[in-house]
Every structure is written in structure tokens, then in C-alpha cells.
Amino acid sequence: MDMGLLKVFQAVAEEGSISKAAQSLNYVQSNVTARIQQLEQELKTPLFYRHSRGITLTSAGQTFMEYTVRILKLLDEAKQAVLDSPVPKGSITVGSDTTAAVRLPAILSAYRVCYPDVEVHLQVGRAGELIDSVLQHTVHGAFLDGPVEHPEIVQELLIHERIGLVIPDTMEYQGIRSVHDKTLLMLNSECLYRSRLEKWLAEEGGRLGKVMEFGTMEGLLGCVKAGIGYAVLPLSYFTRMNVTEGIRIYPFPEKYAEVPTVFIRRRDLYMTSAFREFIEELKAGLPEAVSGADMTADSGRAVK
């Protein structure tokens, strides 16, 4: 069984269509069909169900797909190990949820200055998507709300973020009850920030109102300033970006304030020199992740 067969099988499984796989591989369709048939004959079992909407994996196909991904990834790592050099080069892909992404520009800029021959790609997504991307080897590592408990994942860094309530200047603030039943604006409605807010509200007899989700921090803050609602965000965002015009920020009470952010990677990931140096740059750029220092603030006073 050659690697070419495995690559064709993987393409067909991911595309769910012989014709789309042929397109992505730049093969003629009959060639892809013949290779899948050859593979099924070699394994003596059908790997796909054929139906009017395309094809889907059989249970045997699903099992074979897991091994195919691992085999092709191992081959790729073997090539990286042979070609790797002490001087970082090539490319790395890093994932991040939207709020953690605020920490990355300065780090990426410093890394680029030191290692101009490395191309760094950034993938922004939700925590679940990023964990899957790490497990599927589509990103080298990712920032997300943690901790993450998984036998195949290592947490390289831990940052203790502290979160705050962000309200428009026009809103009168008299504690958490001030946002009772008002609209919560969020970048990710499934993140830990929301659960911390709900606990604080419940403790004070308040209730979460409507939730609006945004794709960008700029859009979210613009709507806060316009009085459409309020938000919950890391205090580090405002200290780093110096964004305070039109808003006020009130730290959460101590027992709800801290949310861990972790940088994760696969335990069995081959660490190229480019990725090793990126980890070192993270540690240099995020000293609080190493020292365990956190941001403290009085919970009864707005941060300006």
C-alpha cells in the first residue's frame, strides 16, 4: 500500500465526493475511482457508502481514516525532522480564541524580527474548534480558555486572566444588579466569561438578559459605547490596547474574577526549531505565564 493511495482516500473522505476530491488532487475522476476501488480490494472491505448526495465513510472506513491521518502526519513529521535545521525556517500555524488574540500581535512582531524566514499563520476560532485543530494537527498550538484535560494534549503555558464588566458611560452603575436583564454582548457566547457572570448575577438575585454575539472586538465595543448592551472581557485587553473612551470597566469580585487561559499543543507533536523558538518567544512576551503573576484590582472601583 503506497502513500498515494492513502492521500487519495483521505481527500475523498474529507470532500465527501469523488469529483471534488479529484478536483482538489488535480486528478481525473476515473483515476480517483480506480484508486478507491483498488484500496477496498486490497483491504477486502468497503470503505464508503455510495448514495445520491455523494459518499460517506463506513465504520471500517472511519477506522481506516483515523490510521490514515496518523500515518500521513507521521510521514510529514519524519520529513520535518530530516529537513529541520538549527536556524528556524518554514511555517507554523497558531490558533487563538478572539479574546486571547489581543496578546499575540506584539509576540508575533518580535518573533518575525528574530526569525524572518518563518511564516506564521493565525487561526481564530472557538475553544472546541481549536482543540480539534490541535488534535488533528492542523495547528501547532492554540490559546484558549482552560484548563484543557485531554490525554493527547499538553498545556505549555497558563495565564491567569482577570475579567471585568464593561458598560457604557451612559449607564449608571450600582453593582451587578445594574445589568440585570440587560443585553450581554459577547465574542463567544459559550466561553467561561458568561458562566462566571451568570454565577455572580445569581448570587445577587439578578438574571441574564438577551445575548448578542459579535465577530470582532471593534464591533462589540462600538455597541457597548452606543448603549446597546454591556460586555465581559479580560482586563488585560484594556491595559494593552488603552481603550477606555466611552466605557467604564469594573473588575469582577475575587471569587469570579480569574479565568485561566492556556496555550496547548499535542503531546506527540514534533517540535521543529521554528516552533520551539515560538514557545520561547511566548514565555518572554508573557512573563506572567511563567511567574504566575496576575492582575489585581479593587472590585468596587472602575478601572480607567
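**A guided tour from a strand pair to the cores**

Select Ile167 first: this residue stands opposite Arg248, which belongs to β10. The model on the screen is a predicted one. Now display the two strands concerned. β6 and β10 pair in the antiparallel sense, and 5 bridges join them.

Remain with β10 and select residues 247-251. This strand is mostly covered, as 5 of its 5 residues are buried. Which residues point one way from β10, and which the other way? Ile247, Ile249 and Pro251 point one way, while Arg248 and Tyr250 point the other way. The residues on both sides are buried.

Next, select Leu165. Setting aside residues up to four places away in sequence, Leu165 touches several residues of β10, including Arg248, Ile249 and Tyr250. Further residues that Leu165 touches include Tyr173, Ile176, Val179, Leu197, Tyr230, Val232 and Phe252.

From here the tour widens to the largest nonpolar core, which has 22 residues. Select Leu165, Ile167, Val179, Leu197, Tyr230, Val232 and Phe252 together, for these touch the most other members of this core. Which elements give two or more residues to this core? They are β6 (153-168), β7 (184-186), α7 (192-203), β9 (230-234) and α10 (254-257). Colour α7 separately, since the largest share of this core, 4 residues, comes from that helix. Apart from this core lies another, of 21 residues; Ile107, Leu157, Phe263 and Leu282 are among them.

Move next to the loop between β6 and β7, and select Ser178 there. Is Ser178 buried or exposed? Its relative accessibility is 11%, and the limit for a buried residue is under 20%, so Ser178 counts as buried. Display the side chain of Ser178 together with the backbone of Gly175: the side chain reaches the backbone oxygen of Gly175 at 2.9 Å. Neighbours within four places in sequence left aside, Ser178 is in contact with Met171, Glu172 and Tyr173.

The final stop is helix α6, residues 127-135. Select Leu130, Ser133, Val134 and Leu135, which are the buried residues of this helix. A general rule is useful while viewing them: an α-helix has 3.6 residues a turn, so residues three or four places apart point the same way. What covers the buried residues of α6? The cover includes the strands β3 (90-96), β4 (118-124), β5 (141-145), β6 and β11 (258-266). To finish, select His137, just after α6, where phi is positive at about 65°.

Conventions: Residues numbered from 1 in each chain as written. Predicted model: local features only at pLDDT ≥ 70, side-chain atom pairs only at ≥ 80, totals over all residues. Heavy atoms only, no water. Core = buried A, V, L, I, M, F, W, Y, C linked by side-chain atoms within 4.5 Å. Buried < 20%, exposed > 50% of the residue type's maximum accessible area, 1.4 Å probe, protein only. Contact = heavy atoms within 4.5 Å. Polar contact = N/O pair within 3.5 Å; in protein donor to acceptor, adjacent residues only side chain to side chain. Pairing = 2+ DSSP bridges.
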